[in-house]
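Please read the following report alongside the sequence and the coordinates. The topics are a sheet, a pocket and the cysteines.

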Amino acid sequence: MKLVVQVRLLPTPEQAAALEATLRAANDAATWVAALAHTQRVFRNYDLRRHVYGQVKDRYGLAAQAAQHVIKKVADAYATLHAHVRKGNLGRPGSVRRERVLARPIVFRPGAAQPFDDRCLSWQLDARTVSIWTVGGRMKGVAFTASADQLALLAAHRKGESDLVCRDGRWFLIATCDLPDVPVRAPDGFVGVDLGIANIATTATATATGTGTGTGTGTGTGTGDGVRHSGKTLNAVRHRHRELRRRLQAKQTKSARRLLKKRRRKEARFAADVNHTIARRIVTEAARTGRGIALEDLQGIRDRVRLRKPQRVTLHAWSFHQLGHFIAYKAARAGVALVHVDPAYTSQACSACGHVAKNNRPDQETFACTSCGFAEHADVNAARNIAARGETGWAVSHAA
């Protein structure tokens, strides 16, 4: 499996200026190549290289390997764009949005990431420095900082390209690490994970063994079956940031804009930390008990649901995809089985008798079966249904 390790560079002012000039030249070249590719309708890497390779080197002062990476970056960007078009992510054929996107060439920001391979970038892990190619020549001794775990990963598994990124005036290198696959253990049952907004994640097994609750900043505590990782604190943080952004945007002063720029990623970092914590706890518990993990397949949910306008902000701020991605890669590293199941009617079906009815769930928290009288927290009941579907899906897929 592939992981990325992000380390922060600590360049001197002169080194930072050289890195900035390199990124600007590479992205200016990429924008020019993208415009030519759009005009000539040439999008394959090999074909683009025949058209622009020499001109990219001469016009923008790029070395041979850097020019190759610029051309490949453009080809990959158009490949991603065309994949989104084929999937319908940019609208139906003939829609205004789709036609507007296809009518314009791709433009790269001056500070967009630029890939470097081992010919352009070398790591000195003991000294915690890197040597990197710039438009002004090879620059040695650029310091970086990393944790002990990051250094161990880089030393043992770094392979392939590393991306140079400038974010809010800070420089980062994002290195690719190729880790050996961990064999997936045969699960002894499954833990169902119900994703939501009031409760970020609720875990339960198919068979009830007790009850538990979780509160706080997205971390859950509980005994037995049915652990709820509350989203109360995260939702409060999102609401506070949203109101602060609204007030600052209304002011339109220089200091307000400066504060907006300073805080623009704070909410996202907090939400990612909460998701990492929840994912680690879910995977650790599944590995400890020898169970697998069953997740809902929520792809396209934002297009399926119909909400009132005040609810749309909350739905679109819901980072269920990020949490699912964190659980997936942590499970793969731990050798824990993971399956995705159909989420249809998991919140309306009784985990005891299987009866499905909209009236089974009178409100957000309550589940009371109108057929057998079974009562439970609604999210715990849904998690049990997901766990049962995970066991069925695993049995069907591994029947041979």
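The report below takes up the sheet, then a pocket, then the cysteines.

The model is predicted, and the values that follow are computed from its atoms. In the sheet, seven strands are arranged in the order 2-6-7-1-5-4-3, and this open sheet has antiparallel pairing. Strand 2 (114-116) and strand 3 (121-124) stand at its edges, and because each has a single partner strand, one side of each is left without a neighbour in the sheet. From one strand to the next the twist averages 35 degrees.

The two edge pairings can be set side by side, each with one bridge as an example.

| Edge strand | Partner strand | Pairing | Bridge example |
|---|---|---|---|
| Strand 2 | Strand 6 (residues 158-167) | antiparallel, three bridges | Pro115 with Asp163 of strand 6 |
| Strand 3 | Strand 4 | antiparallel, four bridges | Ser122 with Ser131 of strand 4 |

At the strand 3 edge, the pairing with strand 4 takes the form of a hairpin with four residues between the two strands, and Arg128 in the turn has a positive phi of about 55 degrees. The two faces of strand 3 can be told apart, since Leu121 and Trp123 make up a covered face, whereas Ser122 and Gln124 make up an uncovered one. Helix 3 (residues 64-87) lies across strand 2, strand 4 (129-134) and strand 6, and runs at about 130 degrees to strand 2.

Turning to the pocket, the second largest one has a volume of about 620 Å³. Its lining comprises 15 residues, and those nearest its centre are Leu3, Val4, Val5, His276 and Tyr329. Two or more lining residues come from each of strand 1 (2-10), helix 5 (148-157), helix 8 (266-289) and helix 11 (320-334).

What, finally, is the count of disulfides? With a cut-off of 2.5 Å between cysteine sulfur atoms, the count comes to zero. Cys166 is in no disulfide, and the nearest cysteine sulfur, in Cys120, is 19 Å away; Cys166 is also partly exposed, with a relative accessible area of 28%. For Cys369, the closest cysteine sulfur belongs to Cys353 at 3.6 Å, which is too far for a bond, so this pair is not counted under the 2.5 Å cut-off. Cys369 is buried, with a relative accessible area of 6%.

How values were computed
Residues numbered from 1 in each chain as written. Predicted model: local features only at pLDDT ≥ 70, side-chain atom pairs only at ≥ 80, totals over all residues. Heavy atoms only, no water. Buried < 20%, exposed > 50% of the residue type's maximum accessible area, 1.4 Å probe, protein only. Pairing = 2+ DSSP bridges. Axes fitted to C-alpha atoms, helices over the stretch in contact; angles between N-to-C directions. Contact = heavy atoms within 4.5 Å. 1 Å grid on protein atoms, 1.4 Å probe; cavity = no way out; pocket = protein on both sides within 12 Å on 5 of 7 lines; lining within 4 Å. Points joined across faces, edges and corners; volume = space filled by probe spheres on them.
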